[in-house]
Amino acid sequence: MQITLIQPDDWHLHLRDDDAMASVVAHSAERFARAIVMPNLRPPITTTQMASAYRERILNALPESTTFTPLMTLYMTDRLSHDEIVTAKQSGIVKGVKLYPAGATTNSDAGVTDIRKLYPVLETMQREKLPLLIHAEVTDPQVDIFDREQVFIDRHLIPLKQDFPDLPMVFEHITTKQAVDFVRACEGRLGATITVQHLLYNRNAMLQGGIRPHYYCLPILKRETHQTALIEAATSGEPHFFLGTDSAPHPQHAKECACGCAGCYTAHAAIELYAEVFEQADALDKLEGFASLFGPDFYDLPRNSKTITLQKMAWQPPESYQFGKDKVVPLGSGETINWQLVR
Ligand code: DOR
Ligand code: ZN
C-alpha cells in the first residue's frame with residue numbers, strides 16, 4: 001500500500017546548532033519542505049540579525065539537492081522591543097515569536113517572567129500580524145506537572161485571547177483534552193500543533209517496567225484519555241490542528257542519567273510515525289490536511305507543490321544516530337516502524 005501527499009511541513013522543530021544541527025537537519029529536510037525552527041539555543045535567538053545568521057548556518061548544513069526552507073522564530077524575553085518586532089516582520093524570514101515562560105523547559109531561563117509586561121509588544125505583534133507561538137505551561141512550582149497546561153489555559157491563554165483577539169497564536173504541542181476543547185471553542189486565529197509522541201503514547205510508556213528517559217518530554221506525556229482526545233483532534237480534519245513534531249534531539253548521555261533532559265527525537269521518521277497513528281485511527285485520508293494543508297493556511301503561506309510518497313513496509317531505525325560528537329537515540333528505538341518514505 002502507498003499513499004501520496006502534498007509535501008508536509010513541520011510547524012515546530014528544534015534543530016540545535018553547529019555540528020549537532022548538521023547531523024540531524026537532513027532527516028527533516030528529506031521529509032518536510034519547511035519547518036518552524038525554534039529559537040531556544042544558548043544564547044537564545046532574540047534578534048532578527050541572529051535569526052538570519054542561524055538561518056544561513058542551517059542552509060549551509062543542508063545536503064545538496066534539498067530545497068528545505070527554515071522559517072525562523074525569535075525568542076521572547078522581557079526585553080523584546082517594538083522595533084525588533086517591526087524588523088522581524090519586514091525581514092520576511094521570521095515567522096513567529098516564541099513565548100517560553102521562564103524555566104518551563106530546555107533553555108528557557110531567559111524566557112518571559114510576566115506576560116503582562118509584554119502587552120505593549122504584543123500590541124505591535126497584533127498590528128504586524130506576527131504570530132505568537134506559545135509554550136503553554138505554567139512554571140508555578142505549586143502546580144502539579146500534569147496540570148501545568150490546563151492551568152496555563154485558565155491563567156494566561158483565556159486573558160491573552162480576550163486582550164488580543166486579532167493576534168495569531170499557536171498553542172504549541174497540545175497534550176490535554178482541555179487544550180483540544182479550548183482550541184475548538186476559540187474564535188479567531190488560534191492554531192495548535194500536535195507532536196507524534198503525544199499521539200502514539202501516554203505516560204505509561206515513560207514508566208513501563210522502569211524509567212524510560214527517551215519518552216520524557218515537555219509538556220510531559222499525559223494519561224490515556226488525553227491521548228485519545230489528541231488522536232481524535234488530529235484526525236478530525238479540523239483546520240486548527242496541524243503537524244509540529246517538537247523533535248528535540250539531546251545527546252544520549254544527557255537523557256540517560258540521573259536528571260535527564262526533556263525532548264524526544266522524532267525527525268528520523270516523523271511523517272512515517274504520524275502515518276501509523278492516522279492508519280490506526282482509520283483516518284489516512286485526513287493525514288494530508290493535518291500534515292500539509294492546515295499549517296500553511298494558518299501561517300498565510302502557499303501550500304507546497306511537490307508531493308511525497310509513503311509505502312507500507314516495515315523497517316527498524318538504528319539504535320542511535322550520530323549527533324555532533326555524541327549520539328542521539330530516536331523515539332521508539334528498537335521498535336518497528338510500518339511506513340517508509342519512498343526515495
Ligand atoms: O521536551 C522538550 N524539549 N520540550 C521543550 O519544550 C523543549 C525541547 C528542547 O528544546 O529540548
Ligand atoms: Zn519545542
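**View 1. Asp 246 at the zinc site of the predicted model.** Asp 246 has a relative accessibility of 7% and therefore counts as buried, the limit being under 20%. Asp 246 contributes an OD atom to the coordination of the zinc ion (ligand 2).

**View 2. Coordination of the zinc ion (ligand 2).** Besides Asp 246 (OD), the donors are the NE2 atoms of His 12 and His 14, and the distances run from 2.0 to 2.1 Å. Along the chain, these donors are spaced as H-x1-H-x231-D. His 12 belongs to strand β2 (residues 10-13), while Asp 246 is in the loop between β9 (241-243) and α10 (252-255), so the pair ties together parts of the chain 234 residues apart in sequence. His 12 counts as buried because its relative accessibility is 1%, under the 20% limit.

**View 3. Residues around ligand 1.** There are 13 residues around ligand 1, and those that come nearest are Arg 16, Asn 40, Thr 105, Leu 218 and His 250. Ligand 1 occupies the largest cavity.

**View 4. Polar contacts of ligand 1 with His 14, Leu 218 and Ala 262.** His 14, which also coordinates the zinc ion (ligand 2) through NE2, has a polar side-chain atom 3.4 Å from an oxygen atom of ligand 1. For Leu 218, a backbone N or O atom is 2.8 Å from a nitrogen atom of ligand 1. A polar backbone atom of Ala 262 lies 3.0 Å from a nitrogen atom of ligand 1. Ligand 1 taken alone exposes 290 Å², of which the protein buries 100%.

Definitions and conventions
Residues are numbered from 1 along each chain as its sequence is written. Chains are lettered from A and ligands numbered from 1 in the order in which they are written. This is a predicted model: local features need pLDDT of at least 70, side-chain atom pairs count only at pLDDT 80 or more; totals for chains, interfaces and linings use all residues. Side-chain values use heavy atoms; hydrogens and water are left out. Donors are N, O and S atoms within 2.8 Å of the metal (3.2 Å for Na, K and Ca); water is not among the atoms, so sites may look incomplete. Helices (H or I, at least four residues) and strands (E, at least two) are DSSP runs, numbered from the N terminus. Buried means under 20% relative accessible area, exposed over 50%, partly exposed in between (1.4 Å probe, protein chains only). A residue is near a molecule or strand if one of its heavy atoms lies within 4 Å of it. A polar contact is a pair of N or O atoms within 3.5 Å; within protein, one must be able to donate a hydrogen and the other to accept it, and residues adjacent in sequence count only if both atoms are side-chain atoms. Accessible areas come from the Shrake-Rupley method with a 1.4 Å probe; for residues, only the protein chains shown count as cover. On a 1 Å grid over the protein atoms alone, a cavity is a set of points where a 1.4 Å probe fits but cannot get out, and a pocket is an open set with protein on both sides within 12 Å along at least five of seven lines; lining residues have an atom within 4 Å of a point. A molecule sits in a cavity or pocket if more than half of its atoms lie within 2 Å of its grid points.
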